[in-house]
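Work through the exercises below with the sequence and the model open. Each task is followed by its solution in steps.

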Amino acid sequence: MVPIYFYDEKSNGLLVDYYVLCDSKQLINTNQLVSLLEREFRLSDSASEIFLAIYWSQTYDCKGILFVSKGVNDNSNFKYSIAIKGGILLKASSFSLVHNHPNKSLHFSLADCQTTKHFKNLGKILDIPLHEHVLIANHDYAVLKGGEFYEDDE
């Protein structure tokens, strides 16, 4: 079972809202992750952009999923600190980002790339590396991984 967390501003912490039953505790591939998130959040069918952070142990056991924000049609405002704080509180070894595009586009926007770069840099500083950024749209997905984020910043 994987816990789904929501950030609570009043208590300044994570609240477990419910648990997701998985076929396997260990979600090691992106296909399994996307299937789980599509089943639980129906991201391809959502009219709003939803932004999630998934936290991993050293062996890629899923430690938790944080529902970071739900936005409007093509935008989701959130605080970077909430997603990073989730990783710290769960003692994650790494994390992934997932969001959807209600407009059905599987292309990362400039804002998506800037967000990815910012999270990659924060993850480096805090020793919780960003594993991947997954974009879900129209029952399909695209991924930015590792060195593919930005070739100009290394």
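Two strands pair if DSSP finds at least two bridges between them. Helices (H or I, at least four residues) and strands (E, at least two) are DSSP runs, numbered from the N terminus. The model is predicted: local features need pLDDT of at least 70, side-chain atom pairs count only at pLDDT 80 or more, and totals for chains, interfaces and linings use all residues. Residues are numbered from 1 along each chain as its sequence is written, and side-chain values use heavy atoms, with hydrogens and water left out.

**Exercise 1.** Describe the strand pairings of β6 with β7 and with β5.

Solution.
- Step 1. Strand β7 (residues 140–145) pairs with β6 in the antiparallel sense, over six bridges. Across this pairing, tyrosine 141 of β7 faces isoleucine 136.
- Step 2. Two residues separate β6 and β7, which form a hairpin. In its turn, asparagine 138 has a positive phi of about 55 degrees.
- Step 3. Strand β5 (residues 94–100) runs parallel to β6, and six bridges join them. Here valine 98 stands opposite valine 134 of β6.
- Step 4. With helix α3 (residues 110–126), β5 and β6 make a right-handed β-α-β unit. Right-handed means that, with the strands pointing away from the viewer, the path from the first strand over the helix to the second runs clockwise.

**Exercise 2.** Why is strand β6 described as largely enclosed by the rest of the structure?

Solution.
- Step 1. Buried means under 20% relative accessible area, exposed over 50%, partly exposed in between (1.4 Å probe, protein chains only).
- Step 2. β6 spans residues 130–137, and seven of its eight residues are buried, so the strand is largely enclosed.

**Exercise 3.** Locate the ends of helix α1 and its place in the largest nonpolar core.

Solution.
- Step 1. The N-terminal end of α1 is capped by asparagine 29, whose side-chain oxygen lies 2.9 Å from the backbone nitrogen of asparagine 31. Just after the helix, arginine 42 has a positive phi of about 50 degrees.
- Step 2. The buried residues of α1 include Leu33, Leu37 and Phe41.
- Step 3. A nonpolar core is a set of buried Ala, Val, Leu, Ile, Met, Phe, Trp, Tyr and Cys residues joined through side-chain atoms within 4.5 Å. The largest has 18 residues; Leu37, Phe41 and Leu43 are among those with the most contacts inside it. Of these residues, α1 gives five, the most to this core.
- Step 4. A second, separate core of 17 residues includes Tyr55 and Ile128.

Notes. A polar contact is a pair of N or O atoms within 3.5 Å; within protein, one must be able to donate a hydrogen and the other to accept it, and residues adjacent in sequence count only if both atoms are side-chain atoms.
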